[in-house]
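I opened this entry to record how the strands pair, what lies in the cores and where the charged side chains meet. The notes follow the order in which I looked things up.

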Amino acid sequence: GGSIPNWHDFLEMFTEEELKVDERPSFLFVVIFSKVYDSTYIVNAFEEAGYQCESFDWQKIRFVEGLAGMLDRLIGKAKMMKPDIIFMQIQNPDVLLIDAAKELSKKSFVINYTFDVRNSIGWYKEIAPHIGLTLFGDRQSVMELKKEGIENVEYLSCAADYGLYRKLEVR
């Protein structure tokens, strides 16, 4: 049989660049990519801000593996990756269960962001105490949760990606 190469021989198989450790802070971005919504611009913004960003398309995985399978994979990804921040864009209660939010919060600082203004924010009241920060695209939701004694909520204004959306030239 063949001999097993020593570790020096093994390391010589890779370039210095391939062996370099990425020391940037890491983001696990829990989001959807679909025909009607593409989060690439957010991934690019995190990267441009100096973060190593890995995406987790919860919707795609949930369609194939169901809710329990998706949550197991998400928690497993967080355990393996050990990100500095888990940034989620989850806007409906049937995607993130409280027990899963608690488990993710043991692994990292968890932020959930909703850009859409919701008629009912009851689920956010339930989930917010179990994660690091909940961000809303409207000030009214922030004020409502703060009135309820939930302090880890803030307003985040959002803008368009000018790489995708540019001024229409009218002739």
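I began at strand S6, where I found Thr134 standing opposite Val153. Strands S5 and S6 (residues 153-155) pair in the parallel sense over three bridges, where pairing asks that DSSP find at least two bridges between two strands. Helices (H or I, at least four residues) and strands (E, at least two) are DSSP runs, numbered from the N terminus. I then followed the chain from S5 through H7 to S6 and noted a right-handed β-α-β crossover; right-handed means that, with the strands pointing away from the viewer, the path from the first strand over the helix to the second runs clockwise.

Before going further I wrote down that this is a predicted model, in which local features need pLDDT of at least 70 and side-chain atom pairs count only at pLDDT 80 or more, while totals for chains, interfaces and linings use all residues. Residues are numbered from 1 along each chain as its sequence is written, and side-chain values use heavy atoms, with hydrogens and water left out.

Next I looked at the two faces of S5, and both are covered: Leu133 and Leu135 are buried on one side, Thr134 and Phe136 on the other. Buried here means under 20% relative accessible area, exposed over 50%, and partly exposed in between (1.4 Å probe, protein chains only). On the way to S4 I noted that Ile111 stands opposite Leu133 in S5, and that Asn112 has Thr134 as its bridge partner in S5. S4 and S5 (residues 133-136) pair in the parallel sense over four bridges, and the chain passes from S4 through helix H6 (residues 122-127) to S5 in a right-handed β-α-β crossover.

S4 (residues 109-114) is itself mostly covered, with five of its six residues buried. Strand S3 (residues 85-88) also pairs with S4 in the parallel sense over four bridges, and there Phe87 stands opposite Ile111. S3, helix H5 (residues 98-107) and S4 form a right-handed β-α-β unit.

I then asked which residues of H5 are buried. Ala100, Ala101 and Leu104 are the buried ones I listed; they lie on the same side of H5 because they cover an arc of only 100° around the axis, an arc taken from the directions from the helix axis to the C-beta atoms. Asp99 and Lys106, on the other side of H5, are exposed. The cover over the buried residues of H5 includes helix H4 (58-81), S3, S4 and H6.

Turning to the largest nonpolar core, I found 32 residues, among which Val30, Leu96 and Leu104 touch the most other members. Such a core is a set of buried Ala, Val, Leu, Ile, Met, Phe, Trp, Tyr and Cys residues joined through side-chain atoms within 4.5 Å. Two or more residues of this core come from each of strand S1 (26-31), H4, S3, H5, H6 and helix H7 (139-147), and H4 gives the most, with eight residues. Leu104 touches Leu74, Ile75, Ala78, Ile86, Met88, Leu96 and Val110, not counting residues up to four places away in sequence, a contact being heavy atoms within 4.5 Å. A second, separate core has 13 residues, including Val31, Cys53, Phe87 and Ile111.

Last, I went through the salt bridges, defined as a side-chain nitrogen of Lys or Arg within 4 Å of a carboxyl oxygen of Asp or Glu, and the count came to ten. Arg24 forms one with Glu47, the closest N and O atoms being 2.7 Å apart; Arg24 lies in the loop between helix H2 (16-19) and S1, Glu47 in helix H3 (residues 40-48), 23 residues apart. Lys107 and Glu103 meet in another at 3.0 Å, N to O, and, being four residues apart in H5, they are separated by about one helical turn. Glu144 and Lys125 meet at 3.3 Å, N to O; Glu144 lies in H7 and Lys125 in H6, so this pair ties together parts that are 19 residues apart in sequence. Glu144 is partly exposed at 32% relative accessibility, and Lys125 is partly exposed at 24%. I closed with the network in which salt bridges that share partners join Asp22, Arg24 and Glu47.
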